[in-house]
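Here's a quick briefing to read with the structure open beside you. We'll start at the ligand and then work outwards through the strands and a few single residues.

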Amino acid sequence: MSFYQRHIEPGLVSFACGLKPIARQRAKIVPRAHGVVLEVGFGAGHNLPFYAPERVEKLYALEPSEGMRRRARGRLAKTPLDVEILDLPGEKIPLAGESVDSVLITYTLCTIPDVAKALGEMRRVLKPGGELFFCEHGRAPDPGVARWQDRLNGVWGAVAGGCNLNRDVPGLLRESGFAISGLEEMYLPGTPKFAGYNYWGTAVAA
Ligand SMILES: C[S@@+](CC[C@H](N)C(=O)[O-])C[C@H]1O[C@@H](n2cnc3c(N)ncnc32)[C@H](O)[C@@H]1O
């Protein structure tokens, strides 16, 4: 891993994840998590203040990047939640099948290399009736914006931790056997259109 990937990239990604428009999105989705929760791609812990502590029995925080886990320490020190860090990628979730009530993913599907495998793992660990809460950026519906997303994707990924601009978030969830309820979507105010098309909602195993 290069110096950039180890030290600079986590700082840039964490800074972007802390922006106000993104915090407003977190407030819409994170408080829905309940029971035993698995957050995939925990990052620098920006979601921690948005959980409803009385609804969360335990939080498994899965984050493969050492740099991001380091940046989460301050927020972890302040949370009342019972948090266990899992130092593995989403493609290898080290939890038993049907063991969690909620999975939370925010701005993570864009970065996971084998996204279908990771979503399969999320399905595996969810209890029957368990829910996947998601808020992700992805492919815009406007052909002109989508074309720019395709053009910029490689360069963007190289500087932004492997982030993809053009993933079809609802399509990926459905292809992985999830049914989506209450899907909402929009361009996030105050963000460039090519990186700011957001999808959020709840998904259950179909
Ligand atoms: C844009 S950041 C979002 C972090 C956090 N979810 C948030 O909302 O602030 C993407 C995160 O996905 C993590 N990530 C990268 N590859 C991953 C994988 N294979 N499985 C799980 N997380 C991964 C990165 O380390 C990074 O922390």
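The shell around the ligand in this predicted model is made up of 11 nonpolar, 7 polar and 3 charged residues. Out of the 21 residues surrounding the ligand, the ones that come nearest are R26, G41, E63, G90 and T106. Some of those names turn up again below.

**Around the ligand**

- T106 puts a side-chain N or O atom 2.6 Å from an oxygen atom of the ligand.
- R26 does something similar: an N or O atom of its side chain sits 2.8 Å from a ligand oxygen.
- With E91, the ligand atom is a nitrogen, and it lies 2.8 Å from an N or O atom of the E91 side chain.
- How much of the ligand does the protein bury? On its own the ligand would expose 590 Å², and the protein buries 90% of that.

**Strand β4 and its neighbours**

- β4 covers residues 100-106, so T106, the residue with that 2.6 Å ligand contact, belongs to this strand by the DSSP assignment.
- Is β4 mostly covered or mostly open? It's mostly covered, with 7 of its 7 residues buried.
- On one side, β4 runs parallel to β1 (residues 35-40), and 3 bridges join the two.
- β4 also runs parallel to β5 (residues 126-137), this time joined by 6 bridges.
- S102 is a handy landmark here: it is the bridge partner of V37, and it also stands opposite E131 in β5.
- Between β4 and β5 comes helix α4 (residues 115-125), and β4, α4 and β5 together make a right-handed β-α-β unit.
- As a general reminder for reading any of these strands, side chains in a regular strand alternate between the two faces of the sheet.

**Strand β7 and its partners**

- β7 spans residues 197-205.
- Why call β7 largely enclosed? Because 7 of its 9 residues are buried, the rest of the structure largely encloses it.
- β7 pairs with β5 in the antiparallel sense, over 6 bridges; in that pairing, E136 has Y199 as its bridge partner in β7.
- β7 pairs with β6 (residues 178-187) as well, again in the antiparallel sense, here over 8 bridges.
- For a spot to look at in β7, try Y197, which stands opposite Y187.
- N198 is part of β7 too, and it counts as buried because its relative accessibility is 1%, where the cut-off is under 20%.
- N198 and V169 are 29 residues apart in sequence, and their C-alpha atoms are 9.1 Å apart in space.

**R69 in helix α3**

- R69 is found in α3, the helix of residues 66-78.
- Which backbone oxygen does the R69 side chain reach at 2.8 Å? That's the one of E63, a residue also listed among those that come nearest to the ligand.
- The R69 side chain reaches the backbone oxygen of P64 too, at 3.3 Å.

**G97 in a loop**

- Look for G97 in the loop that lies between β3 (83-86) and β4.
- G97 is partly exposed, because its relative accessible area of 39% falls between the under 20% of buried and the over 50% of exposed.
- G97 and A160 are 63 residues apart in sequence and 32 Å apart in space, C-alpha to C-alpha.

Conventions. Residues numbered from 1 in each chain as written. Predicted model: local features only at pLDDT ≥ 70, side-chain atom pairs only at ≥ 80, totals over all residues. Heavy atoms only, no water. Buried < 20%, exposed > 50% of the residue type's maximum accessible area, 1.4 Å probe, protein only. Helix = DSSP H or I, 4+ residues; strand = E, 2+ residues; numbered from the N terminus. Pairing = 2+ DSSP bridges. Right-handed = clockwise from strand over helix to strand, strands pointing away. Near = heavy atom within 4 Å. Polar contact = N/O pair within 3.5 Å; in protein donor to acceptor, adjacent residues only side chain to side chain. Areas by Shrake-Rupley, 256 points an atom, 1.4 Å probe, with all protein chains shown as cover. Nonpolar A, V, L, I, M, F, W, Y, C, P; charged D, E, K, R; others polar.
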